[in-house]
Amino acid sequence: MRVDQQLIAEMIPAKARVLDVGSGDGTLIDYLFRTRGCDARGIEIDMQSVTQSVAHGLPVMHGDADHDLAHYPDDAFDYVVLQRTLQAVERPREVLRQMLRIGRHAIISFPNFGHWRLRLQLLTTGRMPMTSVWSTPWYSTPNIHPCTIRDFLALCEEDGYVVQQWLAVDEDGLKAPWRRSIRFANLFGEQALFLLSRG
């Protein structure tokens, strides 16, 4: 599992009802089912990933976060997860609203566009940064809404979401020692994870 998936799994209690939006190959769903006894299922836009997941016996449906979350009933899940997908959806604000309508909690992970290396590359080269996380050229990237940790916190405040827990980590999974400082986390955290609930 990726680092963010391991950290997400730590936030989810045993036996929880979980929807993984943008579930990819189903790694997180499989882990939650096998080790935590969760009722975990997924929705994924890439048909090849859906086929792969279903072939491994995982309950994954083909769907789109921007349009299909509206079809789920209120409070259908304990946790709704969006892993490294927020920056690729068309309407991030609406996706978050739907996640917290259909789930009691939302867990979101995303690459932090405020990381110092990205800032430095943009400053020194005048071009869109490229890193191991932001590895696709601007003209072919699915990442249409990159955001920073501070941007995301501002959106949560505007929309009245409660941030129950947040983490900033590097790509190796080392948790940021700047846990108490959003400014430092925004500067040094390569990726962010947030556990939200309704206000």
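A salt bridge here is a side-chain nitrogen of Lys or Arg within 4 Å of a carboxyl oxygen of Asp or Glu. The model is predicted, so local features need pLDDT of at least 70 and side-chain atom pairs count only at pLDDT 80 or more, while totals for chains, interfaces and linings use all residues. Residues are numbered from 1 along each chain as its sequence is written, and side-chain values use heavy atoms, with hydrogens and water left out.

**Exercise 1. Work out which residues are linked with Asp4 in a network of salt bridges.**

Step 1. Start with Arg2: its salt bridge with Asp4 has the closest N and O atoms 2.8 Å apart.

Step 2. Now take Arg84, which also forms a salt bridge with Asp4, this time with 3.8 Å between the closest N and O atoms. That pair links distant parts of the chain, 80 residues apart: Arg84 sits in the loop between S4 and H5, and Asp4 in helix H1. Helices (H or I, at least four residues) and strands (E, at least two) are DSSP runs, numbered from the N terminus.

Step 3. Put the pieces together: Arg2, Asp4 and Arg84 make up the network.

Step 4. Check the cover, where buried means under 20% relative accessible area, exposed over 50%, and partly exposed in between (1.4 Å probe, protein chains only). Asp4 is buried at 0%, whereas Arg2 is partly exposed at 33% and Arg84 is partly exposed at 24%.

**Exercise 2. Place the salt bridge between Asp30 and Arg34.**

Step 1. Find the helix: both residues lie in H2 (residues 27–36), four residues apart, or about one turn.

Step 2. Get the distance: the closest N and O atoms are 3.0 Å apart.

Step 3. Compare exposure: Asp30 is partly exposed with 26%, and Arg34 is exposed with 55%.

**Exercise 3. Lay out the sheet and find its edge strands.**

Step 1. Write down the order, S3-S2-S1-S4-S5-S7-S6; these seven strands form an open sheet with mixed pairing. Two strands pair if DSSP finds at least two bridges between them.

Step 2. Read off the edges: S3 (60–62) and S6 (162–169) each pair on one side only.

Step 3. Zoom in on one edge: S2 (residues 39–44) and S3 pair in the parallel sense over three bridges. There, Ile43 has Met61 in S3 as its bridge partner.

**Exercise 4. Summarise the protein chain.**

Step 1. Count the secondary structure: eight helices and seven strands.

Step 2. Add burial: 47% of the 199 residues count as buried.

Step 3. Finish with the box: the C-alpha atoms fill roughly 45 × 35 × 30 Å along the principal axes.
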